[in-house]
Structures are given as structure tokens and as C-alpha cells.
Amino acid sequence: MFKSLLLKGRTLCLLLCCIVSSLVVTAQTQHLNLTGKVIGADDKLAVVGASVRIKGTNTGAVTDVNGNFTLSVNVGNVLVVSYIGYQQQEVAVKSGAFLTITLAQTSSTLTEVVVTGYTTQLKKDISGAIATVNVTDAKKIPTTSSEQLLQGQASGVTVINSGAPGAASTVFIRGIANFGNTTPLYVIDGVQTGDMSLVNPSDIESISVLKDAGAAAIYGISGGNGVIVVTTKKGKAGKTTINYDGYYGTQEPKGGNVWNLMNPEQQSQLAFTAGDLATEKLYPGGPGTIPTYGYHGGTAAGTFGTAGVTSDPGILQYYKFDASNHGNDFLIQKFATGAGTDWFHSIFRAAPEQQHTITASGGSDKSTFLFALNYVNQQGTLVETYEKRYQARLNSTFSTLNNHVRFGENGFVTYKENNGGYNGTQQQEGGTISGTYRMMPIIPLRDVGGNYGGTYDVSGGEPLGNGSSPYASQLNQATNNAHFVYVQGNVFAEADIAKYFTARTSFGGQLYNQYYWNIGYIDYSSYEAHGGANTAGEHEQFNSNYNWTNTITYKETFGKHNIQVLAGYEQKAFQGRNLDATNQGYFSLDPNYVTIGAATAVNPPSSTIDQPTSTLSFFGRADYTYNDRYILAATIRRDGFSIFYPGHQWATFPSASLAWRISQEDFLKGVSWINDLKLRGSYGEAGNNGNIGGTNAYSTFKSNQGASYYGINGGLSSIQQGFYNDQIGNPNVTWETDKITDIGFDASLFNHLDITVDWYKKAVSGLLFPQDLPSTVGGANPPTVNIGDVQNKGWDISATYHGRANKDFSYSIGANITTYNSLILKESGSSNFFDTGGSRDLDIVRDQVGHPIGAFFGFQTAGIYQNASQVSSLPGYSGAAPGAFIYKDTDGDKKITSNDRTWLGNPNPDFTYGVNLNANYKRWDFSMVLYGSYGNQDFNYVKYWTDFYSTFQGGKSLDLYNKAAIVQGGVVTNPSATLPAASFSQAMGSSTVSSYYIESGSFLKCRVLQFGYTFDPTVLKRIGLDKVHIYAQATNLFTITKYSGLDPELVPSLSNQGGLGSARQSAAFGIDYGAYPNNQRQYIIGVNLTF
Amino acid sequence: MKKSYSKFIALGSLVVLTLTYSCKKLLNKEPVGVLQSATLASKAGVDGLLIGAYAMLDGYTNTGGTEWESSIDNWVYGGIASDDAYKGSNTTDQPTAAPLENHSVDPANEFLSEKWAACYNGIQRANDAIREIPLVKDGSLSTAYGAEVVAEAKFLRSVYHFELAKMWRSVPYVDETVTYAAGNFNVGNPGPIWDKIEADLKAAMTVLPKTQPNVGRANYYAAEALLAKCYMYDHQYTTAKPLLDDLINNGETSNGLKYALAAHYEDNFNAATKNGPESVFAVQMTVGDGSGGQNDNAGAVLNFPAGTYTGCCGFYQPSLSLANAFKVDANGLPMFQASTITPGGFVYNDTNLPNDHGYALNKAGAYTLGGVAGGTPFTPPSDALDSRIDWTLGRYGIPYLDWALCGGEQWSRGDITPYNPIKNAFYHSQQSSTTDNFGGWAASQGTADNYNLIRFADVILWRAECEVEANDLPAAQADVNMIRARAAIPAGFVHTFVDNSDPSKGFTNTPAANYKVGLYGVAGAPSFATLGQAAARQAVYIERQLEFGMEGHRFFDLQRYDALYGGPAGSGYMAGILNAHIKTNVAFLGTNPVLQGHTFTAGKNELWPIPLHQIDLEGGKLKQNPGYN
């Protein structure tokens, strides 16, 4: 048989041939249609939705509302019957007689089937650290980005969410353990990818988080950041069921004076208190007064460039707005009085969100299908931000040859439109959210002609600040749009090629296409960009990747020995291209008119090629269980990765884990309160290649109009092409290695309580980071090299208690805690630290050996200089004066210099935690999801703009009005002052990076509070429905925090990193530049319907 | 079972073999979208690398630094750090520039590291061109042409090394042997590198032609002029003199124009008249070239009056001291004698040139559309002034090119000074052809105005210095008078508008102010011989101050005059002048938040501190300059 196969194999993929060959495996057929019923041992009631599966196959059925099932079987088949909360049971089919199967109740999840790396295992047989997410609980959080489901649902997993619609979350497993990409590997139905945001939560069957080496090392070079394995639902044999899941809700922005800003009169007062002559000009009526009009104009009403403020209504006759030539503008705005303009609520408003999924699923013993359609429309509370998504999923399976050969596919197609719903546009000083505190409340939303108000009005100083109207910017977003088409999925085939052997091949991947356009309006209302040409751009991005995975599994049980061995080969590849074009000078900005060709000034379009990458891998896994007590598992993987230079491309990652189900031992058999107790330990290595660019091994040259062209001919506009060294290559670089030790136990106690505890140590060596080189090597980008070591240690603890008070009332409480302690062990550059986390002054973050990643670094404030004698007696700095901050002289040299900067805080939490509460009373259900973070500090950089007078004009905080030092005659007259005196000349003594900005970032959020009701199925039956569940829900009902900003939960800023941008995205975080808040209340009603 | 097992092994081995064979191919991914040395190994590739080395002259880099920090015009290091100008804008705008102005700079200051990095970036780009030449094997590059490329590359690396040397004096000298791959990049700074720069320039002069196919390329005379400049900084006046004579007698531009002073002083600061006979070596600036404003004079992008014809940013405001220096005596000569009221200062600062500073502020609430405070109209002073003042700084009530009467203090930002930068500004009538939007936010703030690294006036005044040191005072006077004679041409003055409310109607023939430019030794004015060597030296120095105001040279001129680095003007000369400048500001302006309470420390602040991070990175090989830690 194999001989003929080998002959044919020359032209076919060998492994696929193996599978085809098994088509000829002889099959016995003796079909009969079995019917039966599944009941619970406790109440003898029908178990609805129990799975009845023929052992060793995917063929099966699900019990209906009466507990009944029908299945085509053969005599001798063994049925595996399972349902959550009951022990799995196996029943041999002896005849076609009606079969009643009684399931014993269990409080344990030990018999749960868990999807792990390339295989599935019973939970009791697992020796690695794997957290399974309770998908039912997780799905209660309405979200358009599925990573958000994970928040607080699995120990060891930290998720930081943004409020932007459709924005990906920041996810890391067991702490931040490198300076760049800490995103775990997602394996979605066998497809390896970088995020799961587009997977429809309704489609998800299970989520497992592989945390230690025992579990994750089989993913080798991709597994170092941990692995999240997601499987989607499959159809089940039996009648076709239709399910509808939907909700509608509305989200409300935070109310009130969110930045705690002064009103215009108070700002007018303050200008005079500060003695700020430039700004006093804005208030000719004196302290506390507001002028009526502000204006800015060209030659229309006076000489060039004159402007000012006035209360003379005669000015109105000069108003002129010339869209085609802003040089002719004479713009007049009427100032806002009273509370002034509430910039925040000019762009934040209540926003609706809805999501609908219709799923049809069913099948026979030979095939199953699941077809789901999903529609999402989430409007952001920030105006003109939204995510609209249309998705179709089809998962199908087919079996033949008496179920010895199985094949099928899982996949979805998504089309989505998104506007402003990604993190990059906020969390930076140029973001529109930052604009809501950078704009003075005196400035009106609209000027007297109905055009946007702004900072344009006064020259000669800038008494209105240099911000841009967030209202204008955000409304202008309406003509921007981004369209995505995204396809993800796999096709697979598997065959039982011989007794004990199963071969499987799976080909999967993603296709990604993004097209977006944006229009840049002439920002006539803004201080720094008045005039210029309008712009419009179109951008196209396409990329794809594939995984081709082939495995052979050997599985045999003899006597007390249970052996499972898996061997596999895998290859992955990625490629992509991008095209950008932006032109300027459009006659009209009507989005129906604007195309790249319609511009009057044409810039060359640019395109880039993503560096293609490929990975080749061989891997193996062996699991051995003796007597259901001693579990030994080992994995090994050998990966080759194209980005590294030949000779450094291949790496081997081994792991081993041991477990002892001590509760099976005779000496514990009699202990009734221990249902199960398993001790586990593992050690192994995984790797990470996420922090290196594709051309790192090579020295490369580029050409760029700005950087390397030159007007050698001496004309006004002609330039000649030149080249420059863009990248210095280093061929000796290789992967990051994560050595992970894990010790833990899983326990089921008192029939009701499941506890899992893990202690781990994750030592990462050879961290990939750009080498810091002296300038003498030139201006090319330095190569990324293996530069440092980081170590994280911590505990993951989760516990669930299931209780049932009586027949009508049951409840469960789940809680989990994640701790990690990050420590930088080594940086092999010439200094043992680097600074990052940009600000207007110094860097905020120092990543230094002996300290955690992301630690805040700056001056420690020590009060306010009260008088001149303190200024002269205490260690000082240039510009020190009464009313300025005193800083701590940490190096004791009696001067305050940059050497006195010290450690100010740690953005890493002591722990994060999640709590799930569920209760059922008769047909009512209640649930609550809490999520919290404790012990982390946030750096509230918003205060740079609002709390100091010396920084740019803009919105200023009431604290500056009420708590700033008042200096009279060189003496502070209010010794209790906590802020430096309002003065326009004290940068060092006020706004420099200091402990003043540090706040506690601890919080507890009530993510979800839900009440639901399930209708009586017997009533529903009459109208043809199987199940109806309705619910009302509030999300983010409360946030308990001391943090004074919008939301203490802060995604990293990609824009204010300084220097290397996203390459350092994990090197600085917990800094608030004005983030899209994720704690806005939302009220939702929803329904789940099955028929 | 057993049989099929062995088949499995056979099958498995075949699978592994097949896959292993394909591995090599699959993992072999060459860099895409980029070039490598091998692809550039042709004449065209070498040409492109050399252009890339020229392209760093404008300070715009590929590494994301900000061009105003690395600007070739040195407005920060040569300008605001001297008595030419203030940082400007709000006190807290670009706060790291303030310590550069007031001499309290920390070695960690980011401005310094950007300037340092941009210079070495340029040096290594020049070296890349030199390194590529031996790789060209396709016959497209002749030996002679290769030598010419090497000569131009050596000239360029001299320009960058020179920038480094005047900023920091002892700096690493980096030639084509220094590479990352060789691991020899921790070069160290054992001492001044004048000899090495001079050697590169001498080598370049043996090959460089006298004219070039492109006016932007360095020719023989550009190299000779830079070599002369090195000797001036190295105080080798007698060695410099013959070079300067040759340049004055025989020099010509790359496009074959005989060296001469441009007809009008302002021609040097106008994109429409660039690359004229005065342009010895200029950094070429272009606009509208598809680069988004990155090849224009982006180093000066912040240096425009605020909130007027450009929206931003109000930096590089001319100082009171500079304006006062343009006051002239009855003979139309500058006042340069030591002051009686500010010891160490200058007579020109004893009284302040009347200006509009303070007028607007005292009359809050009485603004009119026209400008200054109502009730107290400010009239520009009628004091006799050197004509170059109004081409060097924007003054209240004087035509600001063809834009309008300058708004003075109203146009400035931060309310420190009444003066605005003008040399880098552009004519309204030329806005569309000579400006570009820089970086998407700075509308019309990139100009096609070249920066004159060396102009012929430099050459003439350097020779005057050499002549003073040789005590050949009549020759020195003749050279200085050559410069002054041009400034005295009435056609080169700023003239009043025909119609103040519509500048597009043009200019009258009436001078906009009381300009008076006299010559030494003419019509009763004292001659150099009468003044004596010491005063003649000062006459040359102040002539450079007036001729090159706001061109980024002043700090470095003061540095080389000072005896500390071998100059003839006495020890502490630079500190004396700059401390007097600070005192003057306090006297006339009241509180200046940036300068207040600061002094220039002799023996330290003449040089900038070597960027701290570079010292850290070079692991002990790089030594800090005296006085800094």
C-alpha cells in the first residue's frame, strides 16, 4: 500500500498523500439510528445541550430541550457524553434500544477538554500552566475588539483597553518582559496571528492561555510572549438551530468639568496675578474682565498683520473669510464668557452602539456547519469616530470512510469601516483630546461668521495659546475614512492513517487590505498653521501571511500507561506592500470630488515593500501518564527564521513538565474534601523575534527627496537624486530567549471550589533593541542587537466557587489575580540605561538595570521656596525663586542638576485582578464583572499644560487658581500652597519632569452589571422558539480611583515615545497625554434567541 | 505493523529531506525596497552617494532630529549664544534652547547632540562615497573621475569637521576607515584637528577644477577659501594671507563668475539673486521639489515674526545690542570704543536706539488697528544708522521687505524685544516661487534662500584681519572700506513704500531711515593709521559684526579673537563682550527671563560641552571640554 503511494508522492505533497492513502483503510459498516436521553443524576431532569459524541471522531449530536438526541452509530461505538458541570461519561453502544444516560454532577472542571498547542488535552492531564477563559463570563463585556474579553478573565494576562471604537488593546502575559513588542501569539483555529480583535465574540467556543514553557514552548520562537489559543464554534450533528445574539446600547461620556479647568474670568484674573504682560493685553478691561471680540486679519481692515482685541461692535463690518486665499481673511470671534467653552463636551457626546449576530448551525454525522453573520456599529463618544463591521463566518467539517478521514475549514470575511478608532491619534499632545485642555475656554467654538473659532486672533505674543481647535479637527474627520477587507481562516484535513496514528494538515492565514483617504483642511483657525495649501491623501496597504502546519499524532493506552506523541512540520511566510499619495492645492475639498489627480500641486506618491519573512519549524511533543497520577510531558521545537543572517537563523527550544495528581494516591483518597489535587512544575525555553526589522542583518542604502536629494544645480526647485546609508547591518544577531520556570497546583476542594496557583520566573536574555552607537558611525539607523536581560517573577492565582443554595438559587464567584515584578538585569550598551517617553522637557522614563521596565525618572519635589533666604540656603538651580518648586538634592552636591533626578514611580501594578459574580434565581440571572489594578503609578502629563502658568497658554486648572503660591514682596503669603506661583518664567521651577506629575493609577472598575431573564421553554415551544434570554446591562457603572485624569487605564503612547517610536512601545507606558477614556458608562439591552 | 513502521521511517526521512532542501530557499530573504553597496557600485551610484553627502549640508537628516537644532546657519550656536540675538518666542518654547543663550548649558542638552550627530552624519556620507569607489568594477568610473569624487567628498567632510571644530575644538576626526563593521568607531578626541582638516582640503585642491558643471559643487577656490578660514581659526595669518590674495585676485565661482561683492548687500539674502559672484560656497536650498519642504532653509523654520505673514514661531529675535551697534558717529563710522557706563562694553550700548519696546504694553486697552498704543504714536528714531541695520533686523515702521511696515514688538513673540529677524525672510511678491510649507505645519516657512557658508565679504575681511596683524594698516583699511563702500550705495538702502497701505505699489527712492555709511580715512574721518593697530583691529572686528549680523558667525568670531585660543584680542575678550551684552539687556529691557542672572564664564563657555551621551557611548575615549562635567 505504501509502496504505490511513494511512487505517486513525487508530485504531491507527501503528507497530504499520507492522508489520501488512508482513504483505503478498510471500514466496517453496521449502521443503526440510536435515540436516547441524557438526564442529570441530581435532579433527574433532562440535560439540555449535552454533547453526545462517538469516541475518536467528531461525529456527534447535541441534546434538545427535552434531553433527547438521535445519532447514527455502529454497534461497538463508544459514546462520549459531556456537559458543563457534569462528569464526562462513556457508554458503549450494544444495540439500537433507547438509551438513557445519567450524568453525575461534578464541581470540577478537570474533565474539561482544553485546546493546547497543536492538540487538545483533558484538563486533568495537563502539566503546564494553562488558563482557560470562561467564555460565557467574558462575553458579557460588549466589545468590538475581542482582546477586551480577556481583561480580568484569566490570571497572568494583563489587558489595557482604549475607549476608541475598534482599537486593539495592549495585551501582555506575565508582565512586560521586553522593550518592544510584548503581544502574545494568537492561534485562532490553528492560524497564527498577532491579534484577535476581529473575531466575533459570539463565534468563540474556547480561549486558552498558554503561559509557561511547558505549554507555550512548542511555539518556539513565536511563543516567548505567551500564546492565546482561540477556537471558534463548530456545528453539531442534529437539527439545525438558529441563534440570534444582539444588543443595543448607548455610551455616555464623563460629565462635568473633566479637566478641572478655570473659567475665562478666572484666567483673566490669573494673567494679572502672574504679571504676564503679554497675556494682559487680552484683557484690556483689567483683571477678571473679558473683552468682547478678538480678531486677526490681513490687509482688509488695516495694515498687514495687525490684530488685537476690542469691545467695539464696529469691528464686525470688517469680517471676511476667504476660503480660497486665507491671506485675505479678517476673522473675528466673540469671546465666550461665564463658564466658557466646554471643549471636552464639544467633541464628546452620548453614542449608540449595536451588535447583531445570527448563527445557523447543524449537521449530520458526516458533516457539520456553522454559519454566522455579524453586524457591528459602534459610534465613539468622540464625535466622528466609529467602527462599522460586517462579518460572515463559515465553519464546516466533513467526514468520510466511517469517519477515518475528516476535513473542513474555519474562516471569516470581514469588511469594516473605521474612523479615528485607533490609538495612534490620541495619547499625544497633538491629539484632539489633548486639544480639549490645550484650548482656553474663552475661545468660542465658532467665530462671528459661523466658521471655526480658534487661536488665530492675536499676534505679538500668543495670548490665546498655540492649540488647535479640537472641535474643528474632529468635525473635519467626517470626510476621512478607512476601509478594510480582512479574510482569515484555514482549511484542514486529517486522517487516521494507521492504528493509533492520525495525520493532519492545515493551511491557513490572512489576507489584509486597507484603503484610507484623508483630507487636510487649511487650519485657518489654528495659531501655527494659518494659511498654506489644503491636502488630501489616499493610502493602500495589502499584506498576507500563511501557516502550513502538518502533524502526525500517535496515541495509545496500554495498561496504566497512556502515551501521546505528536510530531510536526510547519512553515509560515509574510509579505506586503503599501502605497501612499498625498497632494495639495485642491480646488474643492468636497469628498466626492477629491482625487489625487485633482490637485494643483503634485507630490510623488510613495510605496514601500514590507520585508517578506518566513519561518520553518519542526516540533514534537510527548505526553506520558502513568496510572492517572504521574504526568510527564516534553516538547521540542526547532525554528528557522529568515530575518536572522544565515548561520544565526536556527534555534532549538525545549521544555519539560511534570505533574503529580497527589489526590489519586491512596493516602489522600480518604480525604473527602479534596476532590482533586495536582502539583505541577515545568521548565523550558521559548523565543521572541518580534522586535527586529527585516533588513537588520544588512547594511542598506536608500534615497529620499528630503534626506538625500540636493539642489546641486542651484535652482529654486530642481533637485538631484542622492543616496544615504539608511541602516547599518549586523549579521550576528539572533533571537530573544525566554527561560521560564513554573511551579503550581490545581485543586478542586469541597466539591465546589477550584483553585489554580502558579509561581513563575521568566528570564529573558538577548533582548533585541537598537544598539546605541556614537555618532561617529554616521547617521544610519543602528542595528538591532541582543542587548539586555530582563526577569519577571510573579504569581497567577485563580479561584472559582460554585454554590447552589437550593433548587432555585445557584451562584458562582470567580476571581483571579495577576502579579508580576519586572527587573532589568542587564543592558550591554556603554551605559546601563536608556531614557524614553517623550515630554516637552526631559524624558519621563528611564529603563535601567536594577529597575523595572518603564520606571518614571525625574526630580523629586520637596515643597515650595517660601522666601529669598530659603532660595539661598537650600540647594538651588538657575531660576530658583520664592514660589518655585524646591527639588531634592539627591546627590548632595548642594546644587540641583540633572544628576539629581531620581526614581519617581513604577507604572507596573503590584497586581491586577478580576472578579466574576454570577447568580441564578429561578429564571432570573445576575452577573457582575469587576476589574482592577493596584499599586501602579500614572504619570499625568496633562498637568504640564494645565497646572503651570509657565507652560503654553491654554486651559489652566483650578488648582493653579486655588493652590498656587502667591508671592508678595519676595515672600510666599500662603505657605500651604502646593503649586508653584503663577509666573511665566519658571520652567525649571515648575513644569519639568518631577514627582508632581505622579499619581496613583490604582483603580477598580465595575466593567459589567447585568440582569437577565430566561423565558419558560415550554411556553416558548408553542411559538416555535427554544430559548429566549433578555438582559439589561450597565458597563463601567463605577470606577473607584484616586486618579485625577479621565481614566487611570492608559494604553501606551506611540507618538510621544521620542526617537524610535513603536520599537520602544513597551519601554514607556502609564503616561497620560490625553487618552481616549475606557471608563465611560454604557447602558445596553440585549437578547439571545434560539430556535 | 513492523513493516509499515519501517515504511514510516522511510517516508519520514523523505519528508525531512525534501523540506530541508526547500528550507534554504524559503529562509533566504534579501532586503527589499533598499539598495546595498553592491547595487550602488557604478558611476551613477557613486554620484548619488556624493549628492547624499551634499544633502546633509542643510542639516535635514534621515534620523528624525529637528533641523533648527542642527541648522547649518548656526542661528543657535553662533547667533543667540552671542550678542546678535535672543532665543525669542515664549520663555518656555524650546526650553532647551534657553541655556544655550544664557551660557548655563548642560552637556546633556539635546540641541548639541543633534548638531554633533548631523555633522558626523555628513562626514560618514562623504566617506560612503569614498568607500564605494573601489567597489566599482563595471568600468563606468574612470580613475580621474573617481579622484574628483574623492576630492569633493574630502571638501564636504572638511566642512562638517570644521563645524565640529569651531563648536567643540577637540573632536574625533573620522575618515573613510572608520566603520561599524571595523569596530573602530570610538575615535576619541586627543586634540584640535585643524591639521587634519587642512590636509583634506589641500588634497582636495590638487584635484578640484576651477569651474564645475553644477554651481552647487565645490570648486578649487571654495576649498582654498575654507582652507584660509581654517588658518584664520588656527591663527596662522601669514599662511592664510597668500590664499586670500589669490582668492581676491583670481577667485571665481563654480559657474565661472569672478569673485566680487554683490551689487547690493541684500542680494545675499534673496533667493532670486542667489549664486551670484559673492557666493564662494553656499548651501543650496530648494522649494516645491516634492520633498515637503525638506530641502529648503528648514534650519531657520522657526525664525519668522510670529502671527503675521507666517503663523509661527518668533525665534531668533535680534538683540538690542545688535541694533545699537548700527548707530554711527558724525563720520558715519561705527562706535566701537570701550564704554564708560558698562565697563568692558561698548559706546554704542551707552544709550539705547529708541524703539517701540514698552509702548504697547503701557497702554493696555487702547490698541488700534494700526499698531502701537493709541495716544502715544511711536516714531522710528532719526538717529544716523548704518544702512545694513534694516536688512539685518525688522524694525518698527520700516518696510519689512515688500510686506508692510514692520510691526516691531507687535510682530515679535514673548514681548522681549522690538526687533524681528529678516535676513531669512522672503518677499511677498516671491512667496509662491521661493517658499514651501515645511513639515505640514509651517506654511511658507521654508525658503529657497541659500545659506552662504562663505561669501566674498568674508574673504575680504579675513584679509583685513591678516593685514592688521601684519601691521599693514593702510591695506587693512582699503579692504574694510571696500565692504563699507557697498553699504554706502544709496540704491542698496531700504526705501519707503509708495503707499504704506499697499506695498505692492513698490518703493520710492527715499531712504526709510537716516542712513549714513562713512569710509575710514576719507572726508575727515580717522584713518586706520591714525587709530593705531589696536583700534584698527577693533574696526575690522566691528565691521564683521555689522556685515555678518544674524548670519550665525558672531559667537565663533568672538571665540577666535580671544587670546584663550590664540587670538590677538586679549584674554577674556569674548567673556567681556558677552557679559556686557547681558548687562545692557538688563539695563534697557528690565527683566529678561532668559538672560537674567546669568553670566558668561571665561575659560569655559567659549566652547560648547561635548554631548554627554557621546562621551558615555565612547566609553572613556572622548574627553569633555574644560569647565564642564
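## Salt bridges in a predicted model

Across all chains of this predicted model, the count comes to 64 salt bridges. Let's work through a few of them together.

**Exercise 1.** Find which parts of chain A are tied together by the pair Glu665(A) and Arg629(A).

*Solution.* Start with the contact: the two side chains form a salt bridge, with N to O at 3.3 Å. Next, place each residue. Glu665(A) sits in the loop between strand S32 (650–660) and helix H10 (666–669), while Arg629(A) belongs to the loop between strand S30 (606–626) and strand S31 (630–641), so the bridge ties together parts 36 residues apart in sequence. Finally, check the surroundings: both Glu665(A) and Arg629(A) are buried.

**Exercise 2.** Decide whether Lys702(A) is buried, partly exposed or exposed, and do likewise for Asp726(A).

*Solution.* First, the contact: Lys702(A) and Asp726(A) make a salt bridge whose closest N and O atoms are 3.7 Å apart. This pair links strand S34 (residues 700–702) with strand S35 (residues 724–727), its partners being 24 residues apart. Now apply the cut-off: buried means under 20% relative accessible area. Lys702(A), at 33%, is therefore partly exposed, whereas Asp726(A), at 11%, is buried.

**Exercise 3.** Work out how many residues apart Asp83(B) and Arg554(B) are.

*Solution.* Begin with the bridge, where the closest N and O atoms are 2.8 Å apart. Asp83(B) lies in the loop between helix H4 (75–80) and strand S1 (85–88), and Arg554(B) in helix H18 (residues 554–561), which puts them 471 residues apart. Both residues are buried.

Conventions:
Residues numbered from 1 in each chain as written. Chains lettered and ligands numbered in written order. Predicted model: local features only at pLDDT ≥ 70, side-chain atom pairs only at ≥ 80, totals over all residues. Heavy atoms only, no water. Salt bridge = Lys/Arg side-chain N within 4 Å of Asp/Glu carboxyl O. Helix = DSSP H or I, 4+ residues; strand = E, 2+ residues; numbered from the N terminus. Buried < 20%, exposed > 50% of the residue type's maximum accessible area, 1.4 Å probe, protein only.
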